[in-house]
Amino acid sequence: MRIRLSAAVALVAAASLGLSACSSDTSSDTAAETGETVVISHAQGDTEVPVDPERVVVFDQSVLQSMIDLDLPDAVGVPALANWPESFARYRGDDVAKVGSLFEPDFEAVNALEPDLIIVAARSATSYDALSEIAPTVDLSVDAKDFLASVAKQNRNLATIFGAEGAFEEKFAGIEASFDAVSAAAAQANLRGLITRVEAAEVTAYGPGSRYGIIHDLGVKPVSETFADDVAHGDAVSFEYIAQADPDLMFVQDREAPLGDTTGPNASRVLDNPLVGGTTAAKEGRITYLDLYTWYMAPSALSSVQSQIDVVGQAVGKAAAA
């Protein structure tokens, strides 16, 4: 039987949807049309999935963005989002099913779609086991501690599922070339950088291996090697600490900035003080505000990674030319 709901989910689904063995068999017909499958090694194991599935439910924004980047078929079910980037215009309407939130799937809604494949990652990864009982599920979470290699692996997995390996390899070759060029420039410039996130009045700092660690992977040296080894949450820092660290470059994520806003309206206000203003980064105009979508919401999408490299390259180039 294709759909194998857990006991708890099955009771709810059966009561509201009237599921039957017949509907389960129907959901397997799509994948059975070609009979082709591929085993995907992902963040939570190995899963046999249909090749070029027709009905895919996706719970991750990075994956959805990479699907757009690679010109793959649209998902039939996506989370309900408070903010929809322009690239997700196709998913805003009611014609595409909403299947819960990024963190909490609506199992009944997922099951009703009779998906051939479910994709989770990052924020939705904890639901992997439960979703796996509905349909083949893969976890395309990216490891921030080995960011670029993990981005390559998981996006290659995505491309393999849809037979789009050629498109992936072409895009990733461009990413690697950009990465190498920026890394070489950063090594020559020998710059120290501080990565911070501002939410309300709190300022936290991030180091290598964090959610913003690609900045250091690209060769911008951290001002400290002692930041907590925490991918999601940085270390709280004071303005006095920032002044003492005196970074050559600052990269700032304004957690409250609207999508597409790169000026950091809240962060720029919070950081507008004499202590931060006295740093080399501030005096030389080297504070870079990071776009919320590409750095926080969909950071491991192919287009996001390319954008991240470009942003760091611009900051390094500006400092090197001074």
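**Exercise 1. Work out how many bridges join β9 to β11, and in which sense the two strands run.**

Solution. Start with the count: β9 and β11 are joined by 2 bridges, and the strands run antiparallel. Keep in mind that this is a predicted model. For a landmark, look at Ala 205, which sits opposite Asp 235 in β11.

Now turn to β8 (residues 192-199), which is linked to β9 by 5 bridges, again antiparallel. Here Ala 205 in β9 has Thr 196 standing opposite. The β8 and β9 strands make a hairpin with 2 residues between them, and Ala 200 in that turn shows a positive phi of about 55°.

**Exercise 2. Decide whether strand β9 is largely enclosed or not, and say why.**

Solution. Take the strand's span first: β9 covers residues 202-206. Next, apply the cut-off: a residue is buried when its relative accessible area is under 20%. Of the 5 residues in β9, 4 are buried, so the rest of the structure largely encloses the strand.

**Exercise 3. Find out which residues cover each face of β12.**

Solution. Step one is the tally: in β12 (residues 249-254), 6 of 6 residues are buried. Step two is a rule of thumb: side chains in a regular strand alternate between the two faces of the sheet. Step three sorts the residues: Leu 249, Phe 251 and Gln 253 lie on one side, with Met 250, Val 252 and Asp 254 on the other, and all are buried.

Then check the pairing. β12 pairs with β8 in the parallel sense over 6 bridges, and Gly 193 has Leu 249 as its bridge partner in β12. β12 is also joined to β13 (residues 287-290) by 4 bridges, running parallel. Met 250 has its bridge partner, Ile 287, in β13.

**Exercise 4. Describe how α6 and α14 pack, and name the residues that meet.**

Solution. Two packed helices are described by the angle between their axes and the distance between the axes. For α6 (residues 147-161) and α14, the angle is about 155° and the axes are 11 Å apart. Angles over 145 degrees count as roughly antiparallel, which means α6 is roughly antiparallel to α14. The crossing itself is left-handed.

At the contact, α6 brings Phe 147, Leu 148, Val 151 and Asn 155, while α14 brings Leu 302, Val 305 and Gln 308. Phe 147 gives you another handle: its C-alpha atom is 8.8 Å from that of Arg 211, 64 residues away along the chain. Arg 211 belongs to the loop between β9 and α8 (214-217) and is partly exposed at 22% relative accessible area.

**Exercise 5. Identify which residues touch the most other members of the largest nonpolar core.**

Solution. Begin with the core, which has 63 residues; Ile 119 and Val 312 touch the most other members. Helix α14 (residues 302-321) supplies the largest share, with 8 residues. Then list the contacts of Val 312 beyond four places in sequence: Val 182, Ile 215, Leu 218, Val 220, Phe 251 and Trp 295. There's also a second, separate core of 17 residues, including Val 223, Leu 271, Ala 281 and Tyr 289.

**Exercise 6. Place Glu 225 and classify it as buried or exposed.**

Solution. First locate Glu 225 in the loop between β10 (221-222) and β11 (235-236). Next, use the cut-off: exposed means over 50% relative accessible area. Glu 225 has 64% relative accessibility, so this residue counts as exposed. Finally, the C-alpha atoms of Glu 225 and Pro 208 are 7.9 Å apart, with 17 residues separating the pair along the chain.

Conventions. Residues numbered from 1 in each chain as written. Predicted model: local features only at pLDDT ≥ 70, side-chain atom pairs only at ≥ 80, totals over all residues. Heavy atoms only, no water. Buried < 20%, exposed > 50% of the residue type's maximum accessible area, 1.4 Å probe, protein only. Core = buried A, V, L, I, M, F, W, Y, C linked by side-chain atoms within 4.5 Å. Contact = heavy atoms within 4.5 Å. Pairing = 2+ DSSP bridges. Axes fitted to C-alpha atoms, helices over the stretch in contact; angles between N-to-C directions. Parallel < 35°, antiparallel > 145°, perpendicular 65-115°, else oblique. Left-handed = near helix turned anticlockwise from the far one by under 90°.
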